[in-house]
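Trainee: I would like to go through this chain with you one question at a time, from its overall build down to single residues. Could you reason each answer through and finish on what I asked for?

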Amino acid sequence: MKILMVLTSHDQLGDTGRKTGFWLEELAAPYYAFKDAGAEITLASPKGGNPPLDPKSNEPDFQTEQTHRFEADADAVAQLDATVRLDSVSQADYDAVFYPGGHGPLWDLAEDKNSIALIEAFLSADKHVALVCHAPGVLRHVKTPAGKPLVEGKKVTGFTNTEEEAVGLTDVVPFLVEDELIAKGGNYSKGADWSSYVVRDGLLITGQNPMSSTETAEVLIKQLSA
């Protein structure tokens, strides 16, 4: 199994003056789910190099066994320090793509032409696309071959409006993931806030929040192993 993981390069939390980026647990948990299943992992980001970590995701309350494992893993840290540029990767080299969340993707990956084209290429090649938490928001401009929104009529989930409200960023983010998926015609559903909830519709796998990251990765592994 060869899996591409795509991280944000965006580090500004709107005009708050605060930093954002990718959410550490949403990288670390799937990373080890894939690695422990024998997968070869490539990390990519729009700008390449070391992508910005959301500093909040590294606070003690949000650290997990997997985040500690990642930070103590010299190979993983070296890989993170040197992500490949998104415009240099091709779906032909991978079996699936996984997008960790964090708020950063709402600004860059959601609008990134390379990311949009990459997701469309994976799906056209009958390969799985998995996204967790805020990352399903990067599907907003992805289209089907017929030119319709990809999520139209598809079962999807992603960070809920009430979860966004709970973290106090409803008026900061460029759009709300739940609202956007519904606006694009997605058959959006959700579990209880802060509980693991994952849905799959064909090649598309989406997870609701950080608590869903391991399960999202496991669903992807199961599909790749089928």
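Trainee: How many helices and strands does the chain have?

Mentor: Please keep in mind that this is a predicted model, and that the elements are counted from the N terminus. On that footing the chain has nine strands, and its helices number seven. The count is therefore, under the DSSP runs used here, seven helices and nine strands.

Trainee: What radius of gyration does the chain have, and how does it stand against a compact globule?

Mentor: The C-alpha atoms fill a box of roughly 45 × 40 × 30 Å along the principal axes. For 226 residues, a compact globule would have a radius of gyration near 17 Å, and the chain agrees with this, because its own value is 16 Å.

Trainee: Which percentage of the residues counts as buried, and what share of the contacts joins residues at least 24 apart?

Mentor: The accessible surface comes to about 9400 Å², with 48% of it belonging to carbon and sulfur atoms. Of the 226 residues, the part that counts as buried is 51%. Among contacts between residues at least 6 apart in sequence, those that join residues at least 24 apart make up 76%.

Trainee: How far apart do the centres of the positive and negative side chains lie?

Mentor: The chain carries 34 negative side chains and 19 positive ones. Taking each set by its centre, the separation between the two is 6 Å.

Trainee: Is Asp126, which has a positive phi, buried or exposed?

Mentor: Asp126 sits in the loop between helix 4 (113–124) and strand 5 (128–132), and its phi is near 60°, a positive value in a residue other than glycine. Its relative accessible area is 62%, and since the cut-off for this class is over 50%, Asp126 counts as exposed.

Trainee: Where does Trp194 lie, and which accessibility class does it fall into?

Mentor: Trp194 is also not a glycine, yet its phi is positive at about 65°. Its place is in the loop between strand 7 (187–188) and strand 8 (198–201). With a relative accessibility of 35%, Trp194 counts as partly exposed.

Trainee: How many aromatic pairs are there in the whole structure, and what is the geometry of Trp23 with Phe62?

Mentor: A search of the whole structure finds six aromatic pairs. In the pair of Trp23 and Phe62 the ring centres are 5.2 Å apart and the planes stand at 70°, so the geometry is edge-to-face.

Trainee: How many residues apart are Trp23 and Phe62?

Mentor: Trp23 belongs to the loop between strand 1 (2–6) and helix 1 (24–36), whereas Phe62 belongs to the loop between strand 2 (40–45) and helix 2 (65–71). Trp23 is buried at 11% relative accessibility, while Phe62 is partly exposed at 31%. The pair thus links distant parts of the chain, with a separation in sequence of 39 residues.

Trainee: Which elements does the pair of Phe34 and Phe98 link?

Mentor: The rings of Phe34 and Phe98 form an edge-to-face pair, 5.5 Å centre to centre with 75° between the planes. Both Phe34 and Phe98 are buried. The two residues are 64 apart in the chain, and the elements they link are helix 1 and strand 4 (residues 96–99).

Trainee: Which residues do ring pairs link into a cluster?

Mentor: Here the ring pairs join three aromatic residues, namely Tyr31, Tyr32 and Phe70.

Trainee: Which residues does Val138 touch, leaving out those up to four places away in sequence?

Mentor: Val138 is found in the loop between strand 5 and strand 6, and it counts as buried because its relative accessibility is 0%. Beyond its sequence neighbours, the residues that Val138 touches are Tyr99, Pro105, Leu109, Ala110, Ile119 and Leu131.

Trainee: Asn161 and Thr160 both interest me; what accessibility does each have?

Mentor: Thr160 is in the loop between strand 6 (155–156) and helix 5, while Asn161 is in helix 5 (residues 161–166). Leaving aside neighbours within four places, Asn161 is in contact with Thr170, Leu176, Glu178 and Asp179, and Thr160 touches Glu178, Tyr188, Lys190, Asp193 and Gln208. Asn161 is partly exposed, with a relative accessible area of 21%, whereas Thr160 is buried, with a relative accessibility of 1%.

Methods:
Residues numbered from 1 in each chain as written. Predicted model: local features only at pLDDT ≥ 70, side-chain atom pairs only at ≥ 80, totals over all residues. Heavy atoms only, no water. Helix = DSSP H or I, 4+ residues; strand = E, 2+ residues; numbered from the N terminus. Rg over C-alpha atoms; globule rule 2.2 N^0.38 Å. Buried < 20%, exposed > 50% of the residue type's maximum accessible area, 1.4 Å probe, protein only. Contact = heavy atoms within 4.5 Å. Areas by Shrake-Rupley, 256 points an atom, 1.4 Å probe, with all protein chains shown as cover. Lys, Arg positive; Asp, Glu negative; His and termini not counted. Charge placed at Lys NZ, Arg CZ, Asp CG, Glu CD. Phe/Tyr/Trp six-rings, centres within 6.5 Å; stacked < 30°, edge-to-face > 60°.
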